[in-house]
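Thanks for coming. I have one structure to go through today, and I will keep to a few places in it. Please have it open in front of you.

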Amino acid sequence: MSLVLALLGLGIAAILTIFNSSSDRIVRPTFLFSGVHALYIFPKILALSVSISPAARYFQASGTDVTVAYMALLCYLGFILFYELLAPKPAYSYGNGYLKMPTKRTTNFAIIVGGSGFLAFLALIARNGGLYQYYFDLSFYQAELTGVNVWLIFLSRFTYPAIAAIALLAALRPSRFSLSLLALLSMFPLMNVLFLFRRSDLLLLGFIAIYALTASGRIRLNRVFVLVGMGVMFLSISLFPYLRQDNIYKMTSRSHSAEVLSVQERLADSLEVDVDDEIVRAASTIDNAYKSGHYGLGTFIWDSLVNQFVPATLVGQDTKNSLYLGNSSTSGDGGGYFDEQAFFYVAPMGFAQAYEQFGPLGWTIFSALGALIALIERKSSKLSNLVFVIIAIPIVCLAATNDIGSTPARLVTFWILTRFLGKARWRTYRNRNVRKTIESRIKITPIVVGKRY
C-alpha cells in the first residue's frame, strides 16, 4: 500500500511540476512545493517502501511505512488544494504585474533591515574565528548554537526580505546603486551556498532571483529550461550533504567511506534507506507518536516562538524550558534506527512532525499554510505582502523537506519586518494587452530563456 501511495504522490507532484513550469506559473507555490515533493520527498518514501535494509524492514513490518506514505500525500494535497481554492487568478498575480515601487522607501528598507542582517553576519563570523575559519575551516558547523550565536543567526536572516525588496526594484529599474546593494546583501548567503553547501540558502536566493526577474517581466522562461533547472536543483539536494560532509571530515582529519564514492554512487546512495536518513527519522517520529499516544495538538507554534524569542541568557534555561508546552514524542529516541550525528544533519521532515501534532489530521497544518499564502497573495498589490510571500513560499517548502518547528517563528519574523515597507504598492494589470503597452512605454525587453531560434 505504501508503494501505491508513494507512486500516486510522485505522479501528481511530477505532473503539477511540469504543468506549472511556465513563466507565468513558476513563481506560484504550486510549482516549487510540487517540485520538492517530486524530486525529494516522494522518492524517499518510495525508497522506504521497497528497501530491504534493516531499518526499512522494521517500519514495513510495523505498517509505519503506510502511515508515512499517506501522511506525506495528505499534507501535500492539503497544501495544494487549499492554496488553489483560495489563490487569486494567475493572470492577476504573476507575470502580468509591473512594479510601481517607491524607490526611496524600498532602498531605505533594504539598507536598514538588510544592513542589520549584514552586520549580524559580520559579528557571527568574527565570533567564530574570522572569515577564513568560518567558511574554509567550517567553524560554522562547530559553533555552539546557544547564547549570542543564536541571536546573531536570527538577525542575519533579516537580509532575506531586504534582498527580496531590493531585487524587485533592481529588476525593474536597475541602477548601479541598487545592483551594488543587492550584491552586498547577497554576499554572505551566497557564500553559505558555495562554501558551506547550505541548501536552504540556495532555495531562498534562487527563488528570490526568479521571482524578481519573472514578475518584473525581465525574463520569460521556457518550460524545458525550467525543468533542466529543476534537475540541477535535484543534484544540489542530493550532493550538497556529501560535499559538506567531505569538507568537515577534511577539516577534522577524519575519514569516511563517502569520500571515495563517485557522483553516480552518491546519487544512488542518497536514495538508500540507512540509519542516518531523513526518511528513517520521519518514520521514527511517526512510530513513536503512534505508540506513545501523545500528540502536540498545535503546541509547536507556541514552542517555536518561545524557542526563538525568549533568550535563555536573560531568563535562565530552566525558566525557558518551563514555558514550552509540547508534550509530543521525542523523535530523537528512534529506537536506534537513525543517528543524527553519524553522517548528515538528519531532518525530521514536516509531514512526520504534522502527524506528531495531530495524528492522522496533521495534514491540516499544511492546508493552513497553503490557505495563509493564498489569502496574503490576494492582497499582494501591497508591497509588504508581496515581499512576505516571496520569502514565505520557500520557507513553507523547507518546512515540508526539513521541519515545521522553526516555521512559525520565521513567518512571524518576516511578517513583522515586511510591515516596515508601509502601505507602498506595486501596480498589477489583468489585461495582457495593457501589459504589452506598458512594456513598450517603460522599454522593458523580456529575455526569453530557453527559446529555440
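Helices and strands here are DSSP runs, at least four residues for a helix and at least two for a strand, numbered from the N terminus. Keep in mind that this is a predicted model.

With that numbering, start at Phe-420, which lies in the loop between α21 and β3, the strand at 427-428. Is Phe-420 buried or exposed? Phe-420 has a relative accessibility of 57%, and the cut-off for exposed is over 50%, so Phe-420 counts as exposed. Phe-420 belongs to a nonpolar patch on the surface, together with Phe-309, Val-412, Trp-415 and Ile-416. Together these residues have about 460 Å² of accessible area. Which element gives the largest share of the patch? That is helix α21, residues 407-418, with 3 residues.

Phe-309 takes us to helix α15, which spans residues 299-309. Within α15, the buried residues are Thr-299, Phe-300, Asp-303, Ser-304, Val-306 and Gln-308. What covers them? The cover includes α8 (147-156), α17 (317-323), α18 (350-358) and α19 (363-377). Helix α21 is also part of that cover, and α21 is the helix we just met in the patch.

Next, the charged pairs. How many salt bridges does a search of the whole structure find? It finds 4, and I will show three of them.

One is between the side chains of Arg-28 and Glu-84, at 3.6 Å from N to O. Arg-28 is in the loop between α1 (2-19) and α2 (29-50), and Glu-84 is in helix α4 (residues 64-86), so this pair ties together parts that are 56 residues apart in sequence. Arg-28 is buried, at 1% relative accessible area, while Glu-84 is partly exposed at 34%.

Another joins the side chains of Lys-44 and Asp-277, at 2.9 Å from N to O. Here Lys-44 sits in helix α2 and Asp-277 in the loop between α13 (263-270) and α14 (278-292), so the parts tied together are 233 residues apart in sequence. Both Lys-44 and Asp-277 are buried.

The third one I will show is Arg-198 with Asp-201, where the closest N and O atoms are 3.8 Å apart. Arg-198 counts as partly exposed, with 28% relative accessibility, and Asp-201 counts as buried, with 3%.

Back to Lys-44, for the helix packing. Two packed helices are described by the angle between their axes and the distance between the axes. For α2 and α14, the axes come within 9 Å and cross at roughly 75°. That crossing makes α2 roughly perpendicular to α14. Which residues make the contact? From α2 they are Tyr-40, Lys-44, Ile-45 and Leu-48, and from α14 they are Glu-278, Ile-279 and Ala-283. So Lys-44 appears in this helix contact as well as in the salt bridge with Asp-277.

The last stop is Ser-178, in helix α10, residues 176-196. Ser-178 is buried, with a relative accessible area of 3%. Setting aside neighbours within four places in sequence, Ser-178 is in contact with Ile-166, Ala-170 and Arg-173. Its C-alpha atom is 8.1 Å from that of Ala-167, a residue 11 places away along the chain.

That is what I had.

Notes: Residues numbered from 1 in each chain as written. Predicted model: local features only at pLDDT ≥ 70, side-chain atom pairs only at ≥ 80, totals over all residues. Heavy atoms only, no water. Patch = residues over 30% accessible without salt bridge, like charges linked within 9 Å, V, L, I, M, F, W, Y side chains within 5 Å. Areas by Shrake-Rupley, 256 points an atom, 1.4 Å probe, with all protein chains shown as cover. Buried < 20%, exposed > 50% of the residue type's maximum accessible area, 1.4 Å probe, protein only. Axes fitted to C-alpha atoms, helices over the stretch in contact; angles between N-to-C directions. Parallel < 35°, antiparallel > 145°, perpendicular 65-115°, else oblique. Contact = heavy atoms within 4.5 Å.
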